[in-house]
Amino acid sequence: IYLSMQFSQGPVEISGLEILGGEPPFYPQCAPDRYHMEGSNDGGATWTLIPGSNRSQASITKVRYYFTPVDRPLAPPRLDLLSSSAQVKLIWETGAGSESNYMLVRSRQPVPFVPEAGRPYNVGKVGDFDVVYLGPDLNFTDTQGLLNDGTVYYYSLFALDANFQYTKPVIARAVPEARRSYRWYRFVVDSIVGGEGTNNYIAWVEDLKLQIDGRWISQYSFTGTKGSIDGRAVTVKDSGSFNGTDLGWHLFADGRWLSSDKSFSTARNSDAIRSRSVWVQMDFEQPVAITGIRYLGNPGLDPLTREFSAEAFAQVPDLIHMEYSEDGVNWKILDHSENGDLAAELIEHEW
């Protein structure tokens, strides 16, 4: 099985590959575990293996590599920050060089830290800088003595290898203060995949959990539409259920929410129902700051065998967003809350 590419501007050099396989709900058995690149300069009549491109490695988690190994550490190509009250979560990617560790340095001044080549550092104070993380992970949550009064912090991220060669820093700015709070929120399903052959296309969601001001909430208590989340009183309602037993508040209890609408897309992301989306609404007694969600749509598993079933995989959300309201009447999309991942497995989304 192959994918062919033809570059109209002429020959190009492809020196590396990044691959992610096994998109849910089809799970690891569909992820390629042996692959390579070939090149042709005669219109595809003959093909030649590109040296170093042959790889045997499961791609269910993203694989990135260079055909000719790089003997120096490469700076992370991406660094994302998520700030909330006295907390900053940092997420980055590997550069696929010789790096084996990462070092994260924090300061209050916009002056980058300059590490000394060949010198190892430890977590702790280094002059006017704080080394807050040193290790192989691709994420770190900083909660070490951060102020939440509008103080600005500057982070410098370095990749390093076993010989303590350091890359140039990737620099980011964070203000770890409390997010704005609202009383009313909506979890909105905009589009689903599936539903062919049914009279109604159903937004099928089995679970929803919240992050409030940077902290994932594990305490949910519901026996009806009125309940509590993290001890905070809240009333939950939805835009209409498919039947009387699958209601919006079941997302936070032992159940699921099925909400029908004939205008959902069946094979692609679509804004077809945005004018009358289906939603689960939360009305908190006191305003809160929702900064993330974990949700599971329809996992596509037979309820008895727990094996993948084409029949069960019928109504899976593939586009959702969160809305907020200051009066319970007028609604706005919460910035960066829209997510287009196929919800056939547990999705975690923060903003």
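**An all-strand predicted model, read from strand 25 outward**

Strand 25, residues 315-325, has 11 of its 11 residues buried, so the rest of the structure largely encloses this strand. The model is a predicted one, and strand 25 serves here as the starting point for a walk through it.

Strand 25 pairs with strand 26, residues 332-333, in the antiparallel sense over 2 bridges. One bridge places Glu323 opposite Ile333 in strand 26. The two strands form a hairpin with 6 residues between them. In the turn of this hairpin, Gly328 has a positive phi of about 80 degrees.

The hairpin leads to Trp184, which belongs to strand 15, residues 182-194. In sequence Trp184 and Gly328 are 144 residues apart, yet their C-alpha atoms are 5.9 Å apart in space. Beyond its neighbours within four places in sequence, Trp184 is in contact with ten residues that can be read in two groups. One group includes Glu323, Tyr324, Ser325, Glu326, Asp327, Gly328 and Trp331. The other includes Gln281, Met282 and Asp283. With Asp283 there is also a polar contact between side chains, at 3.4 Å. The relative accessibility of Trp184 is 14%, which is under the 20% cut-off, so Trp184 counts as buried.

The wider setting comes next. The protein has 27 strands and 0 helices. Of its 351 residues, 45% count as buried. Among contacts with a separation of 6 or more, 66% join residues 24 or more positions apart; the pair Trp184 and Gly328, 144 residues apart in sequence, also brings distant parts of the chain together. The protein exposes about 18,900 Å², and carbon and sulfur atoms supply 48% of that area.

Another part of the model is an open sheet of 3 strands in the order 7-8-12, with antiparallel pairing. Its edge strands are strand 7 (79-84) and strand 12 (139-142), each of which pairs on one side only. Neighbouring strands in this sheet are turned against each other by 15 degrees on average, with direction ignored. Strands of a sheet pair through backbone hydrogen bonds, either parallel or antiparallel. Strand 7 and strand 8, residues 87-92, pair in the antiparallel sense over 6 bridges. Within this pairing, Leu82 has Lys89 of strand 8 as its bridge partner.

Two loop residues deserve a look for their backbone angles. Most residues other than glycine have a negative phi. Ala96, in the loop between strand 8 and strand 9 (101-107), has a positive phi near 65 degrees. Phe164, in the loop between strand 13 (153-160) and strand 14 (170-174), also has a positive phi, of about 60 degrees. Their surroundings can be compared through accessibility. Ala96 has a relative accessible area of 18% and is therefore buried. Phe164 has a relative accessible area of 29% and is therefore partly exposed.

Last comes the confidence of the prediction. The mean pLDDT of the protein is 90, and 90% of the residues reach 70 or more. Over residues 267-275, however, the pLDDT is below 50. In the model this stretch has 25 contacts beyond near neighbours in sequence.

Note on methods. Residues are numbered from 1 along each chain as its sequence is written. Side-chain values use heavy atoms; hydrogens and water are left out. pLDDT is the predictor's confidence in each residue, from 0 to 100. Contact means heavy atoms within 4.5 Å. Helices (H or I, at least four residues) and strands (E, at least two) are DSSP runs, numbered from the N terminus. Buried means under 20% relative accessible area, exposed over 50%, partly exposed in between (1.4 Å probe, protein chains only). Accessible areas come from the Shrake-Rupley method with a 1.4 Å probe; for residues, only the protein chains shown count as cover. A polar contact is a pair of N or O atoms within 3.5 Å; within protein, one must be able to donate a hydrogen and the other to accept it, and residues adjacent in sequence count only if both atoms are side-chain atoms. Two strands pair if DSSP finds at least two bridges between them. Axes are lines fitted to C-alpha atoms, for helices over the stretch in contact, and angles run from 0 to 180 degrees between N-to-C directions.
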